[in-house]
Amino acid sequence: MAVAAKQKKQNIGLNTIYGILFAIGTGHFFNDSIQAVVPAMFPILEKTLSLSYSQIGWIAFVVNMTSSVMQPVFGYYADKRPTPFLLPLGMFMSMIGLIGFGLSPNFYVILCSVFFIGIGSAVFHPEGSRVAYMAAGGKRGLAQSIYQVGGNFGQSLAPVFTALIFYPYGQKGILSFTFVAALGIMLLLYVSKWYQRQIAIGVKTKKKVVSNSKNAINPKIKLAMALLVFIVFARSWYSAGISNFYQFYLIEDYGVSITHAQIFVFIFMIAGVMGTFLGGPLADRFGKRNIILFSLVGAAPLTLILPYVPLFWVIPLFFLIGFIVTSSFSVTVVYAQELMPQKIGMVSGLIVGLAFGMGAIGAVIYGNLADLFSIKFVMIFCSSLPLFGLLTFLLPSDKKVRELNEND
């Protein structure tokens, strides 16, 4: 208890290092822009390689599941032995995947290529979250928002990539993103050097608190983590349905063009960027559990009516849903970190990785459901998922989380 109280006082006294936060946020932007290349290519690959919805779902599964499964593994390793230069290494592996993807002649080579992109992302994310945590000072919600908004903004550009690059230039347009990866490697080398210095400075402090990290985890904290995982599961499945398949729903049911469909998806994703950025500061003010609750339960009425509205209502609804649903994206990470402050890397990898992994499983299931039934059936199924946000009422309040950790 004394150690936890002392750590809390030290964290409050630390300054927020905005330069590093914006640098790691930009690195996150580069990383997730590269990962956004994969869904951005779906409408092109469907036509040029004659892929089925199921095959598209498997491509999404490989890139996202590779990332999700390995993120907690790399996070666990980083908790034991922080390795700053995993950051540029992850970006380099993504670059290899990009080159393979741009030159892939068939479905199976594409699967191998996106495997490398997924591994690169898995290497990057836990250490990126750790850097944001270290640079946060007393503003963890804001710091995690700056970090996560970079990634969400990168993901939001997928429709733009489709409309401006992949639609006119085809699959080889992907090769232009190797320049993005090269910039990311250089930026992350700079961040890694700062990270390395912080490890050298904090090594004595780490030795003092290491005994506390070996304590058994409170069963109430384990239950809260399990509930949080399920809530992230619901949010991720909803987002997977929108980001991977809503463009096909627009094309088939509303008759819009490929390029026009990207505008709608971009609106959803750019609203998500705004929600991610504002969610952290709002959580610092109104409480993390409250924002997690609002992000799903508040969006549920809008998601339920979305599959039935006329086309002109889609954009305003998309904007509101995207903003509300993703307002908890960074908040769930910070909430998990405060549940288990002795395992920052592992829980960051678990929560962020889970978002990718559950989305991956959802993409495969959605692809098969779309082939068996219809895209509209998938959209109606997705619309009910935010109702699982009601489980947030069972999570401990922010104050209770602090008490649980102080009593360990």
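Glu 127 is buried, and Arg 130 is buried too. The model that places them is predicted. Their side chains meet in a salt bridge, at 3.5 Å from N to O. Both residues sit in helix 6, three residues apart, so about one helical turn separates them. Side chains of opposite charge can pair when their charged atoms come close.

How many salt bridges does a search of the whole structure find? The search finds two. The other pair to look at is Glu 338 with Lys 288, whose side chains meet at 3.6 Å, N to O. This pair links distant parts of the chain. Glu 338 belongs to helix 15 and Lys 288 to helix 12, with their positions 50 residues apart in the numbering. Glu 338 and Lys 288 are both buried.

Stay with helix 15 for a moment. This helix spans residues 329-339 and packs against helix 10, residues 219-254. Two packed helices are described by the angle between their axes and the distance between the axes. Here the angle is about 165°, and the axes lie 11 Å apart. Helix 10 is therefore roughly antiparallel to helix 15, as the cut-off for that label is an angle over 145 degrees. The crossing of helix 10 past helix 15 is left-handed.

Now return to helix 12, which covers residues 288-297 and holds Asn 290. Is Asn 290 buried, partly exposed or exposed? Its relative accessible area is 42%, so Asn 290 counts as partly exposed. That value falls in between the limits, since buried means under 20% and exposed means over 50%. Asn 290 also takes part in a long-range approach: its C-alpha atom is separated by 8.4 Å from that of Ser 397. Along the chain, Asn 290 and Ser 397 are 107 residues apart.

The last stop is the surface. Which residues form a nonpolar patch there? They are Leu 89, Phe 92, Ile 96, Phe 115 and Phe 116. Together they have about 430 Å² of accessible area. Helix 5 (86-103) and helix 6 (107-135) each supply at least two residues of this patch. Helix 5 gives the most, with three residues. One of the patch residues, Ile 96, has its place in helix 5. Ile 96 is partly exposed, because its relative accessible area is 36%. Helix 6 thus appears twice in this tour: it supplies patch residues, and it carries the Glu 127 and Arg 130 pair.

Technical notes. Residues are numbered from 1 along each chain as its sequence is written. This is a predicted model: local features need pLDDT of at least 70, side-chain atom pairs count only at pLDDT 80 or more; totals for chains, interfaces and linings use all residues. Side-chain values use heavy atoms; hydrogens and water are left out. Patches are made of residues with over 30% relative accessible area and no salt bridge: like charges are joined within 9 Å, nonpolar side chains (Val, Leu, Ile, Met, Phe, Trp, Tyr) within 5 Å. Accessible areas come from the Shrake-Rupley method with a 1.4 Å probe; for residues, only the protein chains shown count as cover. A salt bridge is a side-chain nitrogen of Lys or Arg within 4 Å of a carboxyl oxygen of Asp or Glu. Helices (H or I, at least four residues) and strands (E, at least two) are DSSP runs, numbered from the N terminus. Buried means under 20% relative accessible area, exposed over 50%, partly exposed in between (1.4 Å probe, protein chains only). Axes are lines fitted to C-alpha atoms, for helices over the stretch in contact, and angles run from 0 to 180 degrees between N-to-C directions. Angles under 35 degrees count as roughly parallel, over 145 as roughly antiparallel, 65 to 115 as roughly perpendicular and the rest as oblique. A crossing is left-handed if the near helix is turned anticlockwise from the far one by less than a right angle, and right-handed if clockwise.
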